[in-house]
Every structure is written in structure tokens, then in C-alpha cells.
Amino acid sequence: MELRNLRTFQAVVDQGSYKRAAEQLGYTQSTITVQIQQLEEELGVPLFERIGRRMALTEAGERALPQARELLAAADRLLECGRAGRTPAGTLRVDMAETLLCYRMQPVIRAFRERAPQVRLIVRSRSCMRIPQGVRTGACDLGVGYDMDWNREALEVESMGSYDIVLLASPDFAETDFTTPGRRKAVSLVTDEPDSMFRRRLEDYFRRREIELDVTLELWSIETIKRCVMSNLGFTYLPRFVAEEELADGRLVELEAPVSGVPAPALCAWRKGRWLTPAMELFLELLREVLAAEEPLTAAACAPGPGSASGRAYQLK
């Protein structure tokens, strides 16, 4: 059985199509087709079925996938026996929460590229619900995000610090009573995808108080969300560190509420029982140095000085 066919099988699953697998592996699409056919002939079962434009695993493919991943992991461990003491090589796939990727991860990635130039690093922005799923299925090697009841039975999980999640608005945001339950409020929430941990926490807060909002603007970019909030199109709920500059110069203010300032643990996960490659170990080491060692900003550190336009705050209890 050819390892290259197993790697192609894994790539098609992870990428969702023959075309994207070919782009990842540097093959032509016809080569991908031939290699999958060769593997199916060896196993005697079809591994994929086409659903629309996406290649989906058959029942036999679902059974074969974890065993293929284990064989490839074993092969990688064997290759590393001859690389002891050498620079890490191969491919490292890391899925991350967008806020951490955009605002905290640049020093980690830069240091990793300097210390492991032979590693092909693939970093993807993913929601906190999709990250552990990708780790469990092997679609990524490491997952970095915020805790959403990640399954500790299937994952090894390490804390990478904790960050306050706060309500943010423009200084011109109209004061609104969020205290009285059972009311509809004439304000807009500017937020990201439904699987976002921040959105789920905030919507649960309002649900318990039977509070409804007039509008929810669902955007898929943290920077776009911030710009809309600074333009006074509504308020949002994000880690304080994504708005350090805007809070400091008064373009954004932090609203007061029981849900604002509640910390969210940042975690790194990998599949339980998996051998950690040198590349994974190096990335973890850098995460510990940069993330776990950070002292998150406190509310006092972000508070505006006397007379600042950003001194306005509203009770949302």
C-alpha cells in the first residue's frame, strides 16, 4: 500500500475536493483521481461519493480514515528517527480563532518561521466550535481558540491564558436600558458568525433576561465589526485586546454589564494519544512563551483619563 495514496486520501478529506487536494499536494487533479482509484482498488471499497461539488466519505471511507491517519502518523514518526537533532520539517496545520490569529499570533508565527524554515506552516481562521472538530478528525494538528466545552476525553488541552470579553460601543452610542427584562431594545448588535463563543455567550445573557434587539448585523470579519461599531451602527462583544488602541484614543468605549469583563480561557488542543512532532512541540513552546506568559489588560488599564470622551459608560445589568 502506497503511503502517497494514503496522504492523497487524507488531503481530499481535509480539503473537501480533488481540486483543492491537488493544489495542496502539488499534483494535477488527474493524479489525485488515479491515486484514489488505486487505493479503492486495494481496499475493495469506494471511499468517496460526490454530493454537489463536494466529495463526501462513504461509510467505508469513514471507517478507513482514522486508520489511514494512524498509519501516516506512524510513518512520520519513523521518518523523524533519522531527523533527531535536525531542524523540524514536514507540514504543520494549525486552526485558530480569528481574534487570536489577528491580534496575538504574529510573534508566534514569525518566531516559528525563523526557527523552522523547512516546515510548511498552514494556518486557518476557524470558529471555536469547528476547531476541536478539526483536531479530532485530523484536519489540523493543533487548534487554538476559546473554551466551548471542548471534549477532554478525545483531546489533550493546555491553557494558554485568559482574556476578558467586553461590550464595546462608539462614544456616541445612545444610552439604553438593558435592565428591565421582557423588552425589545431599539439598538443593533454587530457580531460574527453564530458559532462564535462571544455571540453565544451574549445571546444567552439576553435570552435569560427575555431581551430582544431590533437588529443583528452578522459580519464575518473582526475588523469590519469594529469599524461598524466605531461608526455607531451598534455595539459588539469581543475580547478587550482587539480594541486596545481604539479604547485608548476614545474611538470606542467599554460598556458596563454583568456579562462584560468576564474572562474566557484560551486553549491549545491536539488529539489525545497523538505523537507530537518536533514542529508541533516548537509551536507549543512558542505559544506558551507568547500567550500563556501574557498578562491580559485589566479594565483599569484600559480606562480613559478624566474628561476623556470615552469616559461614558452605561449600566447593562
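## Overall composition

Of the 317 residues in the protein, 47% are buried. The model is a predicted one. Its secondary structure consists of 12 helices and 11 strands.

The accessible surface amounts to about 15600 Å², and carbon and sulfur atoms contribute 49% of that area. Among contacts with a separation of 6 or more, 77% join residues that lie 24 or more positions apart.

## Internal cavities

Two cavities of 30 Å³ or more are present in the structure. The second largest of these has a volume of about 30 Å³. Its lining is formed by Ala73, Asp76, Arg274, Trp275 and Thr277.

Sorted by class, this lining comprises two charged residues, two nonpolar residues and one polar residue. The charged members are Asp76 and Arg274, the nonpolar members are Ala73 and Trp275, and the polar member is Thr277.

## The buried side of helix α6

Helix α6 spans residues 106-115, and Val108, Ala111 and Phe112 are buried within this element. These three residues lie on the same side of α6, because they cover an arc of only 100° around the helix axis.

## Positive phi angles in two loops

Most residues other than glycine have a negative phi. Two loop residues of this model, glutamate 210 and asparagine 232, are non-glycine positions with a positive value.

Glutamate 210 has a phi of about 55°. This residue is located in the loop that connects α8 (197-208) with β8 (212-218). With a relative accessible area of 58%, glutamate 210 is exposed, because the cut-off for that class is over 50%.

Asparagine 232 has a phi near 65°. Its position is in the loop between α9 (222-230) and β9 (236-239). The relative accessible area of asparagine 232 is 32%, so this residue counts as partly exposed; that class lies between the limits of 20% for buried and 50% for exposed residues.

Each of the two positions thus falls in a loop that follows a helix and precedes a strand: glutamate 210 comes between α8 and β8, and asparagine 232 comes between α9 and β9. In terms of accessibility, glutamate 210 is exposed, whereas asparagine 232 is partly exposed.

Definitions and conventions
Residues numbered from 1 in each chain as written. Predicted model: local features only at pLDDT ≥ 70, side-chain atom pairs only at ≥ 80, totals over all residues. Heavy atoms only, no water. 1 Å grid on protein atoms, 1.4 Å probe; cavity = no way out; pocket = protein on both sides within 12 Å on 5 of 7 lines; lining within 4 Å. Points joined across faces, edges and corners; volume = space filled by probe spheres on them. Helix = DSSP H or I, 4+ residues; strand = E, 2+ residues; numbered from the N terminus. Buried < 20%, exposed > 50% of the residue type's maximum accessible area, 1.4 Å probe, protein only. Contact = heavy atoms within 4.5 Å. Areas by Shrake-Rupley, 256 points an atom, 1.4 Å probe, with all protein chains shown as cover. Arc of directions from axis to C-beta.
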